[in-house]
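Thanks for coming, everyone. Please look at the sequence and the structure on the screen while I talk you through them.

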Amino acid sequence: MIVDKTYAIMGMTCAACSSRVEKIVKKLKGVIKSSVNLATEKLNIKFDSKIITIEQVAAAIKKGGYQLIIGNVSNKQLISKNISNQKILLIKMIISACFSLPLLLFSMLPMLFKVSFPSAISPMDNPINYAIIQLTLAIPSVICGYLFYVNGVKAIIHRSPNMDSLICIGTAAAFIYSFVMAIFIFTSEPMQGSEYVNKLYFETGSTIITLVLLGKFLESKAKNKTNDAIKKLIDLSPKTAVVMRKNKELTINVDDVLVNEIVIVKPGEKIPVDGVILKGSTTIDESMLTGESLPIDKKVGDAVFGATINKNGYITFKATKVGSGTTISQIIKLVEHAQNSKAKIAKIADRICNYFVPIVIGVALLAFIIWFIIGRDFDFSISIFIAVVVIACPCALGLATPTAIMVGTGVGAKNGILIKGGDVLENACHVKTVVFDKTGTITNGKPIVTNVIVFDKSYSKEKIIAIAASVEKGSEHPLALAILDEAKKSKLALLDVTNFKAISGFGVCGTVGAKKVLIGNEKLLLKGGISFAEKGEHLKLKNKGNTNMLIAVNNKLVGLISVADTVKETSKLAITYLKKMHIKTIMLTGDNVNTATAIAKQVGIDQVIAGVLPTEKAAAIEKIQALKNKVMMVGDGINDAPALAQADVGIAIGSGSDIAIESADIILMKNDLLDVITAIKLSKHTIANIKENLGWAFGYNVLGIPVAAGVFFSLNFVLNPIIGAAIMSLSSVSVLGNALRLKLFKVKKGENDSKMLLNYKVEGMMCEHCVKSVEQALNTVKQVKHIKVDLKAKSLVVDVADNSKNINKHIIQIVSTLGYNIREA
């Protein structure tokens, strides 16, 4: 049985550690895949449980000096542990600083500034007391940094030296050498002892430990910030739920809610679990899941999701998903999985980390030997050795990629874009072609009545819809449902129908009163002996891709109802932005060429591949990939799943089928194609951030180590080990700081978006007619490219080609002239 799970790992302190754990696990028989993330301190492992057990994996890791936690450890527990560790590091750093700072001043002031101490503690007059004070002040720092020695020695014993080993070797060299010099001072005459006081390096070892503790504290703080996305998602879930048991309302722990249990939610409360409304209506804020700021109206039969906020209604619903099955739990799982993943770009850093520490120790020893051989004294040579081992920083290399991925995927989740891994970000960054499914992706996936044409003046549009809806109520066809919806919307009364009959491939017929009614295509009319010539608006609608249904009463053509699957409001805008990014767009659909081409023209898609069977979609993607293009596929249906899996990046619309979502690499929680642009832009920002981090980490070590080894000695520049430790401590913090810059990423859909999209609040619009009047008026303005009016939110978004003050004033003037109050949002 194949098992794919994530486990917490204890004892890792740097990239060399994570690299070592990964190497140990990969060597085990039965392990298919393993990936260790230093930032989250977790191992993602895929293994065959028939060949190897997780206990055996844990034993192998323990042998290597680390610990795998087998039991269930929740994200909340791990976050709590990290915060606790952060506090401990702060306390240790403060205690160490309280002793190392006086020690640094005590040892450096006489040397650098010729400051004289009282005779009792003077290095010249009383070297023994001077050495005792230094030793006493150094001991607390050694105690505070004892874990560096425990972990460092353990890693050396297991032949996998890490950053702790470097700190251990560097500070131990300073302390041991100083201790030996202190013994010489204790066993010599005062005058002879004063010769050794300048060879004490207690302050070097002590200050290095303090600076490394400071660096570790800042690193821990920054790492916890990169986990903000997970923390916020966990905090969203309510702790309790009100359920009906034995006709009584009971408040229970949310984890105890059962599937099919009746849950009650009052206004202002959070929805505890996923379910379906049984009683009541309300408005729910789903922004924490979708990123959509507008509340959603909910009624009986609508789905509700855990962690969302019930704004103003009292509702009763049946729980359908509880515990780890809820939408919020699945999102947390997806985000966590993404944050534990690795991008291909990280492999370079991983390879270097495998050999980094042994190479650094080798360089430090070599530098020590060379300087000693060419005539420099032991003090100078040991100082060079210490400087090299403490300046090297494998942490910066190890944190460069995972921290950027953690922040990037967290930003995506916050905006309703769930990215399943670092490799997905890397592929999305290089996409050159985006392939769209048509139905439900570019279009709304629900046919609506767009036009009603009257051929017989004795019939009104309303009468034609009422007759057609009356007959069609016996049909389950999507086109029939569109006509019924139109009748319901227009509040038309349905008539009694007898002799209903559905004629496959043609339409339907029935008797309304004493009149025989036919509703269907041209073939149905010809079959009934009614002639009809395609011309005028009928032909125009057909060429647009609409489905036209002809209505005949008593063998006389009376009207036409045109039905179409309308294009989503943001589809055209999304395609426009993709073109600006020089990305080719293709529509891949099973629909006929005419309909597909008509929809493609409406939104501006470059190429149409129509009449493709579900089984052929993956092959079509493969053909596009053969042109050496990175291909992104966007779809929502079960029939899109193979194509989503085949594409370099598969994007599923969140309202789509579970199978499509399972096959996809990115899930859009909002039904908005503009989020495709956001996902691409976020991936580009994240990969750029990773490259910056790696550039800094490599550059720092490539330059820092030679400088510490004394290559600039001829220019009278030698790096003090204390300065080296300070630089090293800040190097990994700078990488984390750069990764956290991704939190500033703004959801912008195109170049200079803030200049192109004008937002307004409009008061006074009461119905769809008002919306149409605003749209028609603004469409006369040349600079206006796209208009989005939301009646409920009273908002107006206008996409303009030129954002000058004049266009803004012009829009306000036009809408005001129509009698509406408009202001900038």
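This is a predicted model, and its mean pLDDT over the chain is 84. Of the residues, 92% reach 70 or more. One stretch needs care. Over residues 749-755 the pLDDT is below 50. That stretch still has 16 contacts in the model beyond near neighbours in sequence. Where pLDDT is low, predicted coordinates should not be read in detail.

Now to the start of the chain. Strand β1 covers residues 2-10. Which strand does β1 join through seven bridges? That is β3, residues 42-48, and the two run antiparallel. β1 also has three bridges to β4, residues 67-69, again antiparallel. Take Ala8 as an example. Its bridge partner in β3 is Lys42. In β4, Ala8 stands opposite Ile69.

Next, helix α1, residues 15-27. How far apart should its ends be? At 1.5 Å a residue, the 13 residues should span 18 Å. The end C-alpha atoms are 18 Å apart, so expectation and model agree. The buried residues of α1 include Ala15, Ala16, Cys17, Val21, Ile24 and Val25. Glu22 is on that list too, and so are Ser18 and Ser19. Keep a general rule in mind when you look at any helix. An α-helix has 3.6 residues a turn, so residues three or four places apart point the same way.

On to the sheets. One open sheet has six strands, in the order β6-β5-β7-β13-β8-β11. Its pairing is antiparallel. Where are the edges? They are β6, residues 248-253, and β11, residues 303-304, each pairing on one side only. Inside this sheet, look at β7, residues 262-265, and β13, residues 315-321. Four bridges join them, and they run antiparallel. Ile262 has Lys318 as its bridge partner in β13.

While we are here, find Lys246. This residue sits in the loop between β5 and β6. Its phi is near 55 degrees, a positive value in a residue other than glycine. Most residues other than glycine have a negative phi. Is Lys246 buried or exposed? Its relative accessible area is 82%, over the 50% cut-off, so Lys246 is exposed.

There is another case like this. Asn555 is not a glycine, yet has a positive phi of about 65 degrees. Asn555 lies in the loop between β20, residues 547-553, and β21, residues 556-567. With a relative accessible area of 51%, Asn555 is exposed.

Now the aromatic rings. How many aromatic pairs does the structure hold? There are 13. Let's take Phe368 and Phe378. Their ring centres are 5.6 Å apart and their planes lie at 85 degrees. Edge-to-face means over 60 degrees, so this pair counts as edge-to-face. The pair links distant parts of the chain. Phe368 belongs to helix α12, residues 346-373, and Phe378 to helix α13, residues 378-391. In sequence they are ten residues apart.

Phe368 also pairs with Phe385. The centres are 6.4 Å apart, with 75 degrees between the planes, and the pair is again edge-to-face. Phe385 is in helix α13, 17 residues from Phe368.

What about exposure? Phe368 has a relative accessible area of 18%, under the 20% cut-off, so Phe368 is buried. Phe385, at 9%, is buried. Phe378, at 32%, is partly exposed. These three rings belong to one aromatic cluster, formed by Tyr177, Tyr201, Phe368, Phe372, Phe378 and Phe385.

Last stop, another open sheet. Seven strands form it, in the order β14-β26-β25-β24-β15-β22-β23. Here the pairing is mixed. The edge strands are β14, residues 417-419, and β23, residues 607-609. Each of these pairs on one side only. Neighbouring strands of the sheet are turned by 20 degrees against each other on average, direction ignored.

Where does this sheet have a parallel pair? Try β25, residues 649-653, and β26, residues 666-668. They pair in the parallel sense over three bridges. Ala652 stands opposite Ile667 in β26.

One helix goes with this picture. Helix α26, residues 674-708, lies across β14, β15, β24, β25 and β26. α26 runs at about 45 degrees to β14. That's my tour. Over to you.

Technical notes: Residues are numbered from 1 along each chain as its sequence is written. This is a predicted model: local features need pLDDT of at least 70, side-chain atom pairs count only at pLDDT 80 or more; totals for chains, interfaces and linings use all residues. Side-chain values use heavy atoms; hydrogens and water are left out. Two strands pair if DSSP finds at least two bridges between them. The expected span of a helix is 1.5 Å times one less than its number of residues. Buried means under 20% relative accessible area, exposed over 50%, partly exposed in between (1.4 Å probe, protein chains only). pLDDT is the predictor's confidence in each residue, from 0 to 100. Contact means heavy atoms within 4.5 Å. Axes are lines fitted to C-alpha atoms, for helices over the stretch in contact, and angles run from 0 to 180 degrees between N-to-C directions. Rings of Phe, Tyr and Trp (its six-membered ring) pair if their centres lie within 6.5 Å; planes under 30 degrees apart count as stacked, over 60 as edge-to-face and the rest as tilted.
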